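Biologist: Could you walk me through this one? I'd like to begin with the pockets and then wander a bit.

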Amino acid sequence: MPQRPERTAGRPGPRHLPGRASDWAQVRPEWALAGNAAFIAAPRELTAGRDLGCRTFLHSYDWTADPDAVALETIMTGPLVVASWINLQYYFSTVDPHRLGAGTKTVHTVLGDALGVLSGSGGDLRAGLPLQSVDDGTRPAHDPLRLLAVVHAPHHLVDTVLGRNPALRQLIDGGWMSLTVIDPRTGEWSDPGGSRRTTPLPAPDPEKEYSG
């Protein structure tokens with residue numbers, strides 16, 4: 001049996017991790033939510049066991065128990081909006097890390113009681129995420145994609161939620177995120193208004209695809 005290697009001399013032990021995690025002097029933070037790309041509100045069994053690459057926000061939702069779309073409205077006006085905010089923060093910090101992000105963390109100065117950060121000793125407060133949160137030093141660690149939201153519910157329930165929440169509708173109509181509705185009764189995929197509907201193609205049969 002291979003033996004466990006000895007700890008490298010000078011390497012911090014577990015007791016040092018909490019301090020390092022909250023230390024502003026540490027250049028490379030955790031990747032946190034880098035890579036986020038999608039949001040799914042659907043019965044959990046539809047995604048259970050599938051490898052989504054740790055890129056998807058998941059919310060279990062059963063439309064049959066929500067005839068008035070109250071639960072769906074809670075999901076779409078709460079967690080979905082927050083997921084969109086997170087996604088856009090990563091998006092803008094990746095496409096222009098020096099103007100729309102906070103730039104490199106190596107020169108940040110904390111202002112006040114964590115009010116914000118400056119680059120060096122002056123200038124404006126920096127917006128967005130530091131470069132080290134979206135880049136590994138050689139390439140981006142986040143794909144700048146607008147959030148794709150997938151809701152497994154009849155079209156009329158989603159339209160009801162959008163009709164009651166103009167601000168949510170503006171996020172979608174403005175292209176800040178994409179919304180796809182899967183009607184569980186027909187299997188059709190559509191945009192929020194239901195004007196473009198697509199019947200999904202059947203899944204390929206591996207035996208037929210690779211036979212011969």
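Biologist: Which residues line the second largest pocket?

Modeller: In this predicted model, the second largest pocket is lined by Ala38, Ile40, Ala42, Leu46, Thr47, Arg50, Leu148, Val150, His152, Ile182 and Trp189. Strand 1 and strand 5 are the elements that give two or more residues to that lining.

Biologist: And what volume does the second largest pocket have?

Modeller: The volume of the second largest pocket comes to about 280 Å³.

Biologist: Let me step back to the fold. How many helices and strands does the chain have?

Modeller: There are six helices and eight strands, and from the N terminus on they follow the order α-β-β-α-α-β-β-β-α-α-β-β-β-α. Of the 212 residues in the chain, 34% count as buried, and among contacts with a separation of 6 or more, 63% are between residues 24 or more positions apart.

Biologist: What about the largest nonpolar core, which residues touch the most other members?

Modeller: That core has 25 residues, and those touching the most other members are Phe39, Leu72, Met76, Val158 and Leu179. At least two residues each come from strand 1, helix 2, helix 3, strand 5, helix 4 (155–164), helix 5 and strand 6, with helix 4 supplying the largest share, four residues.

Biologist: Take Met76, then. What is Met76 in contact with, leaving aside its neighbours within four places in sequence?

Modeller: With those neighbours set aside, Met76 is in contact with Val81, Val158, Val161, Leu162, Leu168 and Leu179.

Biologist: Now helix 3. What do the buried residues of helix 3 pack against?

Modeller: They pack against strand 1 (38–42), strand 2 (56–60), helix 2 (70–77), strand 5 (147–152), helix 5 (166–173) and strand 6 (177–182). The buried residues in helix 3 include Leu80, Val81, Leu88, Tyr90 and Tyr91, along with Ser84, Asn87 and Thr94.

Biologist: How far apart are the end C-alpha atoms of helix 3?

Modeller: They are 24 Å apart, which agrees with the expected span, because the 17 residues of helix 3 (residues 79–95), at 1.5 Å a residue, should cover 24 Å.

Biologist: One last residue: is His108 buried or exposed?

Modeller: His108, which lies in strand 3 (residues 108–111), has a relative accessible area of 18%, and it is therefore buried, the cut-off being under 20%. The His108 side chain reaches the backbone oxygen of Ala102 at 2.7 Å, while a polar atom of that side chain lies 3.3 Å from the backbone oxygen of Thr104. Leaving aside its neighbours within four places in sequence, His108 is also in contact with residues including Val117, Leu118 and Pro130.

Note on methods:
Residues are numbered from 1 along each chain as its sequence is written. This is a predicted model: local features need pLDDT of at least 70, side-chain atom pairs count only at pLDDT 80 or more; totals for chains, interfaces and linings use all residues. Side-chain values use heavy atoms; hydrogens and water are left out. The expected span of a helix is 1.5 Å times one less than its number of residues. Buried means under 20% relative accessible area, exposed over 50%, partly exposed in between (1.4 Å probe, protein chains only). Contact means heavy atoms within 4.5 Å. A nonpolar core is a set of buried Ala, Val, Leu, Ile, Met, Phe, Trp, Tyr and Cys residues joined through side-chain atoms within 4.5 Å. A polar contact is a pair of N or O atoms within 3.5 Å; within protein, one must be able to donate a hydrogen and the other to accept it, and residues adjacent in sequence count only if both atoms are side-chain atoms. On a 1 Å grid over the protein atoms alone, a cavity is a set of points where a 1.4 Å probe fits but cannot get out, and a pocket is an open set with protein on both sides within 12 Å along at least five of seven lines; lining residues have an atom within 4 Å of a point. Grid points are joined across faces, edges and corners, and a volume is the space filled by probe spheres set on the points.
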